[in-house]
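Please look through the structure shown here, step by step. The text takes up a pocket, then a nonpolar core, then two sheets.

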Amino acid sequence: MPLLKPDPTFYPSPRLAMQGPPEKCAFVAALNPPGSKLNDALLVVDVDPNSRTYGRQVGEVRMPEFGDELHHFGWNACSGPEGSYVSALGAPNGDGPGGIFMLDCETFEILGQWEMDRGPQFLHYDFWWHLGFDTLLTSEWGTPNMIESGLQPDLLLGGKYGHRMHVWDLRRRRHSQALDLGGEQQMVLEMRPAHNPTKAYGFVGVVVSLKDLSASVWLWYRDNGTWDLKKVIEIPAEPADPAKLPAMLKDFKAVPPLVTDINLSLDDKFLYVSCWGTGEFLQYDVSDPFNPKKTGSARIGGIAHRTPHPKNPEQALAGGPQMVEVSRDGKRVYFTNSLYAAWDEQFYPDGVASWMVKLNANPDGGMAFDENFFVESSDYRIHQIRLEGGDSSSDSYCFP
């Protein structure tokens, strides 16, 4: 009988994953921009500095159907063997509730709804788990009807977008606790739990506060058997000339940071924060998760600034830091500039084009653009990035 060998990308602990070989290619979700007749695609980008095609697209697989708008994808080799978990914003009619459904991981047949008892949960976006604590947590954005045509100001000002997290009994698939950040905190999106499975905490980003247009990052944590939340990072809006702002922001005379993605290095030391509105990309030392310390900042794009990339200093760029991915060893950080087609058009009405960049991160803090890596696409808008062999947000781990 042949010896069974695990997939070479299987790492039971974050420490072992960090020792894996560096990525040589990146897989990037690409969507067709408005007016395009192309189907969405999965692109392959060369990220090997020793390659003659470094920083260029070297492959493409187009989707069989038109109009999917690829958003998120990934894999999880270490846990969840009973099937593939898929996040859904809502029902086929565009309303809620949103939640999680399961696919057979061999045939991709739909197995059904994951939740046995959803309690008060209605809105949904992201999900992650703490395996050692039999806990799954979810965040909230909005239903498809609240999102697909763009940000709806009446819903936003009425506090109707998501402002809670939900705690679930992972084994029993039942809602156990709701954590409310407050109605003024709108759109609770990307979740990043500690990679060390003995640690019961994680970070979640909030897009905007109705109080002052700031954005924030919150810490969820376990305390005496229950879960709680604490705001640990607040990023203020930046004053701006109304002439440089889209219609919905002119009266505010300011640009909100619009934190749309965050990521946590595998050693749980550095948290990266994308400010899609201002064009700032931030690095925080979160060795003490209750007291983050800012250690780095880089700017590119942005609603008002249109900061260029060092490779093309005369080229003003639209869009801003969005989907971010960190290499397993924590030395390289990649991000793209497109959020969601209808939202792109609202905040960058003259177009966002499409680009992907890379920063080199210092193990002691700080980061800088790789001046030789600037990927542009005229055919697609590029979104989520996954790195060959795994990355900081594509897996969870069974062992510390």
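In the lining of the second largest pocket, α3 has the largest share, with three residues. The model is a predicted one. Helix α3 covers residues 153-157, and it is among four elements that each supply at least two residues of this lining; the others are β11 (185-193), β12 (201-209) and α4 (341-347). The space in this pocket comes to about 330 Å³. It is lined by 23 residues, and those closest to the pocket's centre are Leu 151, Leu 156, Leu 213, Met 248 and Leu 249. What kinds of residue make up the lining: nonpolar, polar or charged? The nonpolar residues number 20, while one residue is polar and two are charged.

The next topic is the largest nonpolar core. In soluble globular proteins, nonpolar side chains tend to be buried together. In this model, the largest nonpolar core consists of 30 residues. Which of them have the most contacts inside the core? They are Trp 141, Tyr 161, Met 187, Ile 303, Trp 343 and Phe 347. At least two residues of the core come from each of α2 (144-147), α3, β11, β12 and α4. Here the largest share belongs to α4, which gives three residues. In the lining of the second largest pocket, by contrast, the largest share comes from α3.

The sheets come next. Strands of a sheet pair through backbone hydrogen bonds, either parallel or antiparallel. One open sheet has four strands in the order β3-β2-β1-β25, and their pairing is antiparallel. Its edge strands, each paired on one side only, are β3 (57-62) and β25 (381-387). On average, neighbouring strands of this sheet are turned by 25° against each other, direction ignored. Within it, strand β1 (residues 25-31) and strand β2 (residues 41-46) run antiparallel and are joined by six bridges. Cys 25 has Asp 46 in β2 as its bridge partner.

Another open sheet has three strands, β4-β5-β6 in that order, again with antiparallel pairing. Which strands lie at its edges? They are β4 (84-88) and β6 (110-113), and each pairs on one side only. Neighbouring strands in this sheet are turned against each other by 30° on average, direction ignored. Strand β5 (residues 99-103) runs antiparallel to β6, and three bridges join the two. Opposite Met 102 stands Gly 112 in β6.

Notes. Residues numbered from 1 in each chain as written. Predicted model: local features only at pLDDT ≥ 70, side-chain atom pairs only at ≥ 80, totals over all residues. Heavy atoms only, no water. Pairing = 2+ DSSP bridges. Axes fitted to C-alpha atoms, helices over the stretch in contact; angles between N-to-C directions. 1 Å grid on protein atoms, 1.4 Å probe; cavity = no way out; pocket = protein on both sides within 12 Å on 5 of 7 lines; lining within 4 Å. Points joined across faces, edges and corners; volume = space filled by probe spheres on them. Nonpolar A, V, L, I, M, F, W, Y, C, P; charged D, E, K, R; others polar. Core = buried A, V, L, I, M, F, W, Y, C linked by side-chain atoms within 4.5 Å. Buried < 20%, exposed > 50% of the residue type's maximum accessible area, 1.4 Å probe, protein only.
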